[in-house]
Amino acid sequence: MAVMGDSALICSQIIAKNPDFNSKNRVIHDAISFRRVCFSGEKLRFRKGRVGVRAVMEVGAEERESTGVLKSLEGSLGFDVVSASELKKKGFLGLRKTKLVCTIGPACCSLDDLEKLALGGMNVARLNMCHNTIEWHRNVIRKIKKLNEEKGFCVSVMIDTEGSQINVVDHGAPSSVKAEDGSIWSFTTENFECSRPFTVQANYEGFAEGIKVGDELVIDGGMATFEVIEKIGNDLLCKCTDPGLLLPRAKLSFWRDGILVGKNYEPPTLSTKDWTDIKFGISEGVDFIAMSFVKDADAIKHLKNYISTNSSKSIKVLAKIESLESLHKLEEIVIASDGIMIARGDLGVEIPLEQIPTVQEKIVHVCRKLNKPVIVASQLLESMIEYPTPTRAEVADVSEAVRQYADALMLSGESAIGSFGQKALSVLEMTSSRMELWSREENRQSVLQQHLLGVSLPDQIAEQICNCAVEMANKLGMDAIFVYTKHGEMASLLSRNRPNSPIFAFTNDDSTRMALNLQWGVTPLLTDLSDDMEFNIAKTVDLIITKGMVKQGDVVLVVSDIIPISAIPTLFQSIQVKTIV
Ligand SMILES: Nc1ncnc2c1ncn2[C@@H]1O[C@H](COP(=O)(O)OP(=O)(O)OP(=O)(O)O)[C@@H](O)[C@H]1O
Ligand SMILES: CC(=O)C(=O)O
Ligand SMILES: [K+]
Ligand SMILES: [Mg+2]
């Protein structure tokens with residue numbers, strides 16, 4: 001077995017490097033089903049029996065902690081540094097369940113800043129391709145990967161496409177411009193000199209197509225409103241009817257009789273620039289691509305097909321719900337995608353603001369029903385872009401998203417350009433941990449409504465096993481759930497039930513590990529998995545004991561769906577209970 005070979009190598013390295021490794025380094029080990037005292041340097045017999053292999057593991061783990069030389073042993077357990085230290089400090093129930101996404105921008109792109117965000121609990125770094133150069137993004141991605149590799153973090157990378165919304169390219173001023181009541185403005189796609197006042201350049205050639213005199217042009221969902229008074233070729237002459245600010249890159253939408261118009265002649269979901277950015281993301285090995293302004297499932301399917309033929313690694317495609325159309329086709333989009341982002345910023349431009357809370361709750365619910373991770377994004381702690389404390393209303397908004405059981409929360413400008421990005425992250429971290437604890441203590445968890453996802457019998461069995469496992473873990477107050485999973489399916493089915501105990505997902509697939517970073521309550525661990533499930537379970541439980549992460553009396557529920565060693569072509573799906581003695 002591969003694991004035995006690796007262990008033998010590690011053991012001989014220890015002996016060679018540490019001739020005076022003495023009895024003080026003795027590892028006294030309480031394991032599940034046996035007790036064994038093992039000395040470093042002891043001649044270990046390598047045979048198929050588990051005792052020999054375990055003994056080597058123990059010596060190796062102790063050695064790594066005393067000198068930090070043998071990183072491969074941390075690898076054999078697969079913990080990232082942040083989860084490992086949280087677990088040691090706070091115990092199983094202290095692990096945060098809600099995942100945190102930070103948008104990386106000029107305010108947090110140095111190696112040092114990124115490391116601070118990683119230490120602060122950032123699970124996913126988001127790069128918005130609307131801003132900055134490809135070179136800048138490449139640099140940031142490489143820094144994150146370097147931190148993961150060299151410092152033991154596990155931060156996934158997401159790129160977010162620019163998308164094809166109609167927005168302002170130029171309004172003749174470096175920052176914002178005020179539109180006064182009754183003032184007349186020309187909206188054009190022509191590139192003009194900065195000296196031309198009252199002129200706004202839009203980014204899309206066909207922006208005025210289908211627009212009629214009398215239609216309303218709304219800026220950023222209500223920052224300012226104009227009435228179209230004349231069409232001159234491709235240009236629109238408009239009168240300001242509701243004064244306000246025009247910001248750089250402000251979004252334009254058209255309304256007729258209180259209904260959004262102009263959707264038939266909008267540009268495609270993925271522009272030429274988006275495809276360039278997607279190719280870049282694939283070449284840099286990002287973990288997620290978030291698609292802006294998704295209209296239907298087709299664009300998602302198209303991108304997923306493209307990735308499956310053009311990327312050597314599996315990259316998850318997230319659909320951003322930020323238009324009226326995407327709300328109308330919500331279920332088909334959720335089914336087609338690998339996850340959802342509720343992009344409340346642009347969504348608030350297309351639907352009345354007072355509808356955002358209920359729409360958010362509905363999307364979170366649909367995602368949980370269909371088992372897709374969901375991110376709540378935009379303006380969570382907006383005031384922290386400028387101020388060091390959040391408003392009470394912002395904290396309440398964050399808590400509500402956690403109470404709704406969103407998988408993840410996202411910082412945008414708060415981290416990208418804000419002065420208090422790390423502090424904003426710690427507000428998310430503390431607020432979500434507090435709400436999770438309250439929900440558990442008050443027994444507020446909402447039970448998953450029965451909705452069978454699986455079509456084939458093995459899928460249905462997996463789903464039922466996960467539902468039962470969580471029910472059992474909650475009822476019996478189990479300390480942790482361990483799951484062994486190749487593609488993350490079982491882990492996500494467990495997460496979907498939002499158990500009280502944390503889920504440790506052991507996988508030997510790096511892209512599965514990085515994708516699980518977005519799933520509620522899952523700590524993904526990259527580890528060697530052998531075909532022998534009993535061996536995997538024994539090995540991982542042992543290592544966790546050795547590293548002081550469990551204590552006597554802890555009860556762990558183990559769920560697995562890996563083909564057993566006999567290579568009989570059947571899936572072996574099981575629930576086991578392990579008590580640490
Ligand atoms: N890479 C970057 N370089 C420069 N500025 C950035 C960068 N990323 C974000 N920002 C700034 O942070 C602000 C918030 O960022 P974010 O990407 O969340 O914008 P958004 O408008 O919510 O997203 P989207 O464009 O996807 O709708 C942006 O308006 C921009 O000023
Ligand atoms: C995140 C994003 O795209 C939005 O809120 O519009
Ligand atoms: K974007
Ligand atoms: Mg958006």
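Tutor: Before we start, a word on terms: two strands count as paired when DSSP finds at least two bridges between them. The model above is a predicted one.

Student: Happy to begin there. In E24, which residue is the bridge partner of Ala480?

Tutor: Start with the strands: E21 (residues 480-484) and E24 (residues 555-561) are joined by five bridges. The two strands run parallel. Within that pairing, the partner that Ala480 has in E24 is Val556.

Student: And how many bridges join E24 to strand E25?

Tutor: Strand E25 covers residues 573-579 and runs antiparallel to E24. One example of a facing pair is Val558, with Gln576 opposite in E25. The number of bridges joining E24 to E25 is seven.

Student: Why is E24 described as largely enclosed by the rest of the structure?

Tutor: Burial here calls for 20 or more other C-beta atoms within 10 Å of a residue's own. E24 has seven residues, and it is called largely enclosed because the number of them that are buried is six.

Student: Let's turn to E19. Which residues of E19 are buried on the one side and on the other?

Tutor: E19 is the strand at residues 374-377, and both of its faces are covered. One side carries Val374 and Val376, while the other side carries the buried residues Ile375 and Ala377.

Student: Which residue of E20 stands opposite Ile375?

Tutor: E19 has a parallel partner in strand E18 (residues 339-343), with four bridges between them, and there Met341 faces Ile375. E19 also pairs in the parallel sense with strand E20 (residues 408-411), over two bridges. In E20, the residue opposite Ile375 is Ala408.

Student: Is Ser378 buried or exposed?

Tutor: Ser378 sits in the loop between E19 and helix H13 (392-403). Its phi is positive, about 90 degrees, although Ser378 is not a glycine. Since it has 21 C-beta neighbours inside 10 Å, where 20 are enough, Ser378 counts as buried.

Student: Asp257 is not a glycine and has a positive phi too. Is Asp257 buried or exposed?

Tutor: The phi of Asp257 is about 50 degrees, and its place is in the loop between strand E14 (252-256) and strand E15 (259-261). Within 10 Å there are 8 other C-beta atoms. With the limit at 12 or fewer, Asp257 is therefore exposed.

Student: E14 and E15 belong to an open sheet of eight strands. Which strands stand at the edges?

Tutor: The order of the strands is E6-E9-E8-E12-E11-E10-E14-E15, with mixed pairing. A strand at the edge has a single partner strand, so one side of it is left without a neighbour in the sheet. That applies to E6 (168-170) and E15.

Student: By how many degrees are neighbouring strands of this sheet turned against each other on average?

Tutor: One neighbouring pair is E6 and E9 (residues 199-202), which run antiparallel and are joined by two bridges. In that pair, Val168 has Ala202 as its bridge partner. Across the sheet, with direction ignored, the average turn between neighbouring strands is 40 degrees.

Student: Now the ligands. From which helix does the largest share of the shell around ligand 2 come?

Tutor: Residues around ligand 2 include Lys320, Glu322, Arg344, Gly345, Asp346 and Ser378. By class, this shell has two nonpolar, four polar and four charged residues. The largest share, three residues, comes from H11.

Student: And how many residues surround ligand 1?

Tutor: The closest are Gly105, Asn128, His131, Ser412 and Ala416. Helix H11 (344-350) and helix H14 (413-416) each supply at least two residues of this shell. By class it holds five nonpolar, 10 polar and two charged residues, and the number surrounding ligand 1 is 17.

Student: Last one: what should the residues of helix H19 span at 1.5 Å a residue?

Tutor: UniProt, in an unreviewed entry, places "domain: Pyruvate kinase C-terminal" at residues 463-560, and H19 covers residues 533-546. H19 is largely enclosed by the rest of the structure, because 12 of its 14 residues are buried, among them Met533, Asn536 and Lys539. The expected span takes 1.5 Å times one less than the number of residues. The end C-alpha atoms lie at a distance that agrees with the expected value, which is 20 Å.

Conventions:
Residues are numbered from 1 along each chain as its sequence is written. Chains are lettered from A and ligands numbered from 1 in the order in which they are written. This is a predicted model: local features need pLDDT of at least 70, side-chain atom pairs count only at pLDDT 80 or more; totals for chains, interfaces and linings use all residues. A residue is near a molecule or strand if its C-beta atom, placed from the backbone, lies within 6 Å of it. Ala, Val, Leu, Ile, Met, Phe, Trp, Tyr, Cys and Pro count as nonpolar, Asp, Glu, Lys and Arg as charged, and the others, Gly among them, as polar. UniProt positions are given in the numbering used here, feature names are shortened, and annotations may be inferred rather than shown by experiment. Axes are lines fitted to C-alpha atoms, for helices over the stretch in contact, and angles run from 0 to 180 degrees between N-to-C directions.
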